[in-house]
Protein chains: 2
Amino acid sequence: MLAYGELLAFERMAHDTRLAPDLTRRARLSQMAGAEIANYGLIAARLAELGVDPALAMAPFVPALSAYHEQTTPCDWLEALVKAYVGDSIADDFFREIAQYLDPVDRQLVFQVVHDARYAQFAAMEIRAAIADDPKLRDRLSIWARRLVGEGVTQAQRVAAQRPALAGLLALAPAESDPSVHVSAVEQPAATNGVLTLLSRLTAAHTARMAAVGLNN
Amino acid sequence: MLAYGELLAFERMAHDTRLAPDLTRRARLSQMAGAEIANYGLIAARLAELGVDPALAMAPFVPALSAYHEQTTPCDWLEALVKAYVGDSIADDFFREIAQYLDPVDRQLVFQVVHDARYAQFAAMEIRAAIADDPKLRDRLSIWARRLVGEGVTQAQRVAAQRPALAGLLALAPAESDPSVHVSAVEQPAATNGVLTLLSRLTAAHTARMAAVGLNN
């Protein structure tokens with residue numbers, strides 16, 4: 001899933017370079033895309049080491065991840081940056097959470113390939129500057145960000161329903177007491193509660209990122 | 001020129017991944033594109049070291065190189081591979097020739113970034129296999145290759161006319177006796193003769209590459 005995520009992130013970012021307002025930013029986004037495909041190479045190499053054909057391993061995730069990107073094609077440079085900032089960051093948080101339940105080699109690999117913070121910083125800086133320059137952008141980009149999250153959740157549910165093994169990994173997440181989870185812990189089996197606390201952590205991080213660039217959640 | 005060439009090669013290859021017949025080939029072309037943008041990074045870093053803004057340095061080459069790619073958008077996977085194999089190889093040969101007249105640091109950099117032979121080998125293998133499978137492809141792909149060369153020459157002339165300094169570098173190429181050059185050496189100034197022998201070397205290498213994959217020159 002992460003391998004195909006990287007491959008698609010590469011293709012989408014490379015495609016979005018056409019939206020860049022100047023050559024410097026175009027090159028910058030291209031280099032961000034280059035980091036994604038380098039990461040893909042690391043995961044594909046690990047899959048091959050495990051005796052798995054990367055194409056076969058990725059195949060089950062093609063429909064959901066492709067659908068996410070088809071449903072969220074940015075129309076301009078700022079939408080592309082918000083997508084990279086909001087969408088990729090949630091995906092990264094998710095993979096970091098999952099990685100805790102993998103063996104040490106795979107865990108390190110996941111930590112290595114989830115995005116470099118400086119790319120999120122570049123996107124955040126551009127978004128903040130654009131909103132400062134034209135405050136009307138705030139509403140439009142906030143709606144766009146919410147659409148990205150909605151589409152991401154839809155496709156994540158699709159993957160979880162089709163991949164019980166992946167959902168099972170999530171069920172290993174330890175349950176935590178968290179007041180932002182509006183379900184009484186005693187009424188839930190431990191596994192479900194673990195998923196809920198994970199979702200609540202992902203949501204909290206997302207909310208903080210939105211606020212950091214001046215977008216409304 | 002090489003920096004913008006790498007940036008455009010990256011974007012074009014990344015865009016052409018949509019033509020790949022399967023996920024394995026799609027990932028392979030994506031990784032080829034990744035190598036281009038990594039090379040771009042090396043050249044941009046060297047330009048910055050020389051105190052030059054990469055965007056400003058690339059700007060003069062945007063029209064010609066963009067026009068080349070706009071005029072030669074592949075319609076299918078094999079056209080994309082022939083373009084990578086034929087077009088990029090000629091460009092690489094050209095940059096290798098030019099590099100001889102640069103200082104040692106820049107010469108090494110150019111040698112480092114011109115394409116890895118294994119990418120040409122991958123493209124060549126795919127083209128040969130496709131022609132073996134369907135001999136009718138030979139004519140169509142041969143015509144396509146000639147169109148690539150024609151468009152490349154057109155845009156190269158445009159660059160040379162606008163960039164006397166670059167044309168001047170070429171004029172440093174030593175004149176050689178070469179029977180395939182149909183101009184009497186004694187009738188030409190040495191500089192022009194140098195350019196002609198360079199063109200003849202580029203042409204000879206191109207002809208050999210075409211023959212190697214079964215295309216007609």
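**Exercise 1. The cavity**

Find how many cavities of 30 Å³ or more this predicted model holds, and work out what lines the largest cavity.

*Solution.* Start with the count: the predicted model has 1 cavity of 30 Å³ or more. Next comes size, and the volume of the largest cavity is about 30 Å³. Now look at the walls: the lining is made up of B:Arg12, B:Met13, B:Asp16, B:Leu29, B:Ala80, B:Leu81 and B:Ala84. Two elements of chain B each give two or more residues to this lining, namely helix 1 (2-16) and helix 5 (77-99). Finally, sort the lining by class: 5 residues are nonpolar, 2 are charged and none is polar.

**Exercise 2. Helix 2 against helix 2**

Describe how helix 2 of chain A crosses helix 2 of chain B, and say which residues make the contact.

*Solution.* A good place to begin is the geometry, since two packed helices are described by the angle between their axes and the distance between the axes. In each chain helix 2 covers residues 23-49, and the two axes come within 8 Å and cross at roughly 130°. Helix 2 of chain A is therefore oblique to helix 2 of chain B. As for handedness, this crossing is left-handed. Then list the residues: chain A contributes A:Ala27, A:Ser30, A:Gln31, A:Gly34, A:Ile37, A:Tyr40 and A:Gly41, and chain B contributes B:Ala27, B:Ser30, B:Gln31, B:Gly34, B:Ile37, B:Tyr40 and B:Gly41. Sorted by class, the contact has 8 polar and 6 nonpolar residues, with no charged ones.

**Exercise 3. Helix 1 against helix 1**

Take the same steps for helix 1 of chain A and helix 1 of chain B: at what angle do the axes cross, and which residues touch?

*Solution.* Angle and distance come before anything else here. The axes of helix 1 (residues 2-16) of chain A and helix 1 of chain B cross at roughly 125° and come within 9 Å. That angle makes helix 1 of chain A oblique to helix 1 of chain B. The crossing of this pair is left-handed. On the chain A side the contact uses A:Phe10, A:Ala14 and A:His15, and on the chain B side B:Phe10, B:Ala14 and B:His15. By class this gives 4 nonpolar and 2 polar residues, and no charged ones.

**Exercise 4. A pair within chain B**

Work out how helix 5 and helix 8 of chain B pack, and which residues of each take part.

*Solution.* Helix 8 spans residues 137-162, and its axis lies 10 Å from that of helix 5, at an angle of about 40°. The two helices are therefore oblique to each other, and their crossing is right-handed. From helix 5 of chain B come B:Leu78, B:Glu79, B:Val82, B:Lys83, B:Val86 and B:Ile90. Helix 8 of chain B supplies B:Leu137, B:Arg140, B:Leu141, B:Trp144, B:Ala145, B:Leu148 and B:Val149. To finish, the classes of this contact are 10 nonpolar, 3 charged and no polar residues.

Definitions and conventions: Residues numbered from 1 in each chain as written. Chains lettered and ligands numbered in written order. Predicted model: local features only at pLDDT ≥ 70, side-chain atom pairs only at ≥ 80, totals over all residues. Heavy atoms only, no water. Axes fitted to C-alpha atoms, helices over the stretch in contact; angles between N-to-C directions. Helix = DSSP H or I, 4+ residues; strand = E, 2+ residues; numbered from the N terminus. Parallel < 35°, antiparallel > 145°, perpendicular 65-115°, else oblique. Left-handed = near helix turned anticlockwise from the far one by under 90°. Contact = heavy atoms within 4.5 Å. Nonpolar A, V, L, I, M, F, W, Y, C, P; charged D, E, K, R; others polar. 1 Å grid on protein atoms, 1.4 Å probe; cavity = no way out; pocket = protein on both sides within 12 Å on 5 of 7 lines; lining within 4 Å. Points joined across faces, edges and corners; volume = space filled by probe spheres on them.
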